[in-house]
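Have the model open in your viewer and your selection tool ready. We will go from stop to stop, each time with something to select and something to look for.

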Amino acid sequence: METPVPLMPAPLCLVCNDNGTLSLNPEALAVLRGVTQPVVVVAIAGLYRTGKSFLMNRLAQKRTGFPLGPTVWAETKGIWMWCRPHPRQSGVALVLLDTEGLGDPRKDDDQSDAWIFTLALLLSSTLVYNSIGTIDQQALETLRLVTELTEHVRVRAEDTDSTPEFVRVFPNFIWTVRDFTLQLQVGGQPMTEDEYLEEVLRLQHGNGPKVQQRNELRRCLRTFFPKRKLFVMERPAADMALARLEELQEDELQPGFRQQVDTFCQHIWEKAPVKELPGGHKVTGTALAYLAEKYVAAIASGAIPCVESAVMALARAENTAAVEAAVVEYQQGMEQGLELPTASRDVLAAVHQECEQRAIKLFLSRSFNDKEHQYHAELMRKLEAAKKEFCRRNEEASEQRCRALLQELWGNAERRLQKGDYMVPGGAQLFKEDLKRVLEEYKQRPNKGVKAEAVLEQFLQERQELEQMLKMKDLQLELAEQQQEAAKARAEAAKQAVKAEMEEQRRSLEEHQRQMQERLLEQQRIYWMEHIRVLEHNMKEREALLKEGYAREAATMQRQIDKLQRDVDNQPCIIL
Ligand SMILES: Nc1nc2c(ncn2[C@@H]2O[C@H](COP(=O)(O)OP(=O)(O)OP(=O)(O)O)[C@@H](O)[C@H]2O)c(=O)[nH]1
Ligand SMILES: [Mg+2]
């Protein structure tokens with residue numbers, strides 16, 4: 001059964017900012033770890049006091065939640081988190097991250113703004129940048145952090161400049177403009193919000209340092225965030241009512257605002273993607289908590305957070321857990337599916353095959369980045385050992401049952417032996433008949449299991465002393481004959497078992513290989529799609545730059561395209 005998203009009646013502070021020192025709140029971290037579903041993570045960032053928390057409460061479908069604060073002073077500190085069941089998708093959680101407003105003049109350190117923005121960017125799958133009024137120079141200036149991201153994010157540990165790689169790991173970008181009053185038009189023609197955004201991001205001509213600086217920001221936004229959207233919203237209520245927005249009834253909000261905010265929320269609920277790692281692995285709340293720990297620890301130690309290092313550490317933890325979970329799945333399946341002793345080895349083998357298949361599937365669905373197949377090999381070893389243990393238990397159960405059965409069937413004969421019934425004339429014949437009856441009855445009884453022949457052979461061997469006791473030639477012959485037959489049957493059964501075992505190992509290997517192959521093909525497909533997406537984006541960007549008359553910038557982009565193409569030629573399957 002699906003575990004529900006842990007109930008979070010109100011948001012919790014996830015990343016605390018204590019005068020520029022960032023740390024994680026263990027309580028919030030524990031809640032996030034408990035979210036075992038994949039997560040859609042929406043983070044909001046932007047200037048302080050611009051209605052960010054209010055907008056996040058709309059996404060949570062709650063009037064109150066993230067505190068707003070009616071004063072001019074910044075309200076939200078650090079990063080606040082609210083995990084909610086996803087309003088559209090079952091089995092997925094919606095994680096809302098509300099961040100501290102940027103540019104608060106009362107803050108003495110300017111570094112925490114950059115780190116909080118970086119964390120919002122690295123943890124989210126959709127980043128909402130919120131500004132008020134119109135997309136003016138100030139709104140763009142606040143985003144200057146984007147041009148400094150090289151100093152705050154590494155994609156691979158060995159990168160000196162990670163910028164060409166950002167596009168692979170960055171979230172979708174949504175710009176929300178609040179209190180927007182302008183008409184969306186160019187030359188008298190109406191334009192869409194997205195067209196307006198592209199217009200704003202168009203490079204400007206001129207060589208002055210100011211133009212260069214602004215163009216640099218535009219270029220960064222265009223290249224880092226290929227998926228971008230704009231939503232404009234009018235003022236939600238009359239000035240007087242703004243300070244108590246949380247108390248207003250829905251119909252007291254401006255109808256235009258209501259409609260615009262609804263369109264925004266619908267877009268997030270319908271389109272915002274589940275957070276994925278490079279290679280397409282879906283991030284759960286548990287994994288997100290792990291990443292948050294790694295990134296915050298890197299920042300706290302004065303290092304630059306590195307996506308690849310965090311993902312590799314996460315992969316190690318997840319893959320170890322995936323092996324354990326797959327072994328448990330196998331063991332539980334075997335316990336439920338088997339009744340020991342099984343009638344034959346084939347019965348055990350059939351249940352084993354089914355459980356093994358399920359275990360590999362579970363492992364592959366959870367594991368990722370297992371480039372050397374190290375964890376897969378560990379799983380194979382553990383499943384083999386677990387199977388051996390079930391075989392041993394099966395043999396033991398069969399032995400016990402067969403011994404008990406022979407003891408029961410031999411009871412009568414044993415009593416006669418004690419009484420000396422076989423030592424009198426005609427006793428040998430009587431013994432022969434009794435033995436025959438016991439053997440026939442033993443053969444008839446079902447569910448003796450895989451040790452039926454071996455136990456019988458041993459039983460007959462143990463009866464050898466009777467030959468001496470009874471001193472009967474024909475009886476000796478009889479016993480020897482029966483014993484030989486039992487030994488033959490046991491040897492045949494052992495031969496069959498070896499053959500079956502070899503066959504089983506071959507099949508098991510094939511099953512592992514089949515599922516691995518499928519997984520490999522799927523990973524290659526995802527890798528190619530990612531690569532093609534980046535290539536297409538860069539080519540589109542190069543075209544646009546050429547069209548806008550920026551030959552030098554277009555040439556830089558061409559170099560990136562060439563490098564991507566070389567990567568394709570050299571390494572057909574790279575999984576970050
Ligand atoms: N003008 C205007 N005010 C708004 C809007 N949305 C919310 N407010 C009001 O603006 C004030 C700040 O709102 P918050 O949602 O706390 O803004 P914030 O961006 O989270 O603020 P910080 O956490 O301090 O950065 C509150 O009084 C809100 O009622 C809006 O769209 N336009
Ligand atoms: Mg706030």
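A polar contact is a pair of N or O atoms within 3.5 Å. Keep that cut-off in mind at the first stop, and remember throughout that this is a predicted model.

**Stop 1: ligand 1 and its polar contacts**

Select ligand 1 together with Gly101. A backbone N or O atom of Gly101 sits 3.5 Å from an oxygen atom of the ligand. Now add Ser53, where a polar side-chain atom is 2.8 Å from an oxygen atom of ligand 1. Next, bring in Arg178: an N or O atom of its side chain lies 3.2 Å from a nitrogen atom of ligand 1. Switch on a surface if you like, and ask how much of ligand 1 the protein buries. On its own ligand 1 exposes 650 Å², and the protein buries 94% of that.

**Stop 2: the shell around the ligand**

Widen the selection to the residues around ligand 1, of which there are 19. Which of them come nearest? They are Leu68, Glu75, Thr76, Asp179 and Leu242. Colour the shell by residue class and you should find 8 nonpolar, 6 polar and 5 charged residues. Then highlight helix α2, residues 52-59, which gives the largest share of this shell with 3 residues.

**Stop 3: the cysteines**

Leave the ligand and select the cysteine sulfurs. How many disulfides does a search of the whole structure find? The result is 0. Centre on Cys355, which is in no disulfide: the nearest cysteine sulfur belongs to Cys391 and is 13 Å away. Cys355 counts as buried because its relative accessibility is 2%, and under 20% is the range for buried. Move on to Cys402, which is in no disulfide either; for this residue the nearest cysteine sulfur is again that of Cys391, 16 Å away. Is Cys402 buried or exposed? With 0% relative accessibility, Cys402 counts as buried.

**Stop 4: salt bridges**

Now show the charged side chains. Across the whole structure, a search finds 43 salt bridges, and a few of them make good stops.

- Select Lys282 and Glu276, whose side chains meet in a salt bridge of 3.2 Å, N to O. Lys282 is partly exposed at 41% relative accessibility, and Glu276 is partly exposed at 42%.
- Go to helix α17, residues 473-547, and pick out Arg525 and Glu522. Their side chains form a salt bridge of 2.8 Å, N to O. Because these two are 3 residues apart in the helix, about one helical turn separates them. Arg525 counts as partly exposed at 41% relative accessibility, and Glu522 as partly exposed at 36%.
- Select Arg542 and Glu543, where the side chains meet in a salt bridge of 3.4 Å, N to O. Relative accessible area is 22% for Arg542, which is partly exposed, while Glu543 counts as partly exposed at 44%.

**Last stop: a network**

Finish by selecting Arg156, Glu165 and Arg168 at once. What links these three residues? They are joined in a network of salt bridges. Show their side chains as sticks, and you can trace the connections for yourself.

Methods
Residues numbered from 1 in each chain as written. Chains lettered and ligands numbered in written order. Predicted model: local features only at pLDDT ≥ 70, side-chain atom pairs only at ≥ 80, totals over all residues. Heavy atoms only, no water. Near = heavy atom within 4 Å. Polar contact = N/O pair within 3.5 Å; in protein donor to acceptor, adjacent residues only side chain to side chain. Areas by Shrake-Rupley, 256 points an atom, 1.4 Å probe, with all protein chains shown as cover. Helix = DSSP H or I, 4+ residues; strand = E, 2+ residues; numbered from the N terminus. Nonpolar A, V, L, I, M, F, W, Y, C, P; charged D, E, K, R; others polar. Disulfide = S-S within 2.5 Å. Buried < 20%, exposed > 50% of the residue type's maximum accessible area, 1.4 Å probe, protein only. Salt bridge = Lys/Arg side-chain N within 4 Å of Asp/Glu carboxyl O.
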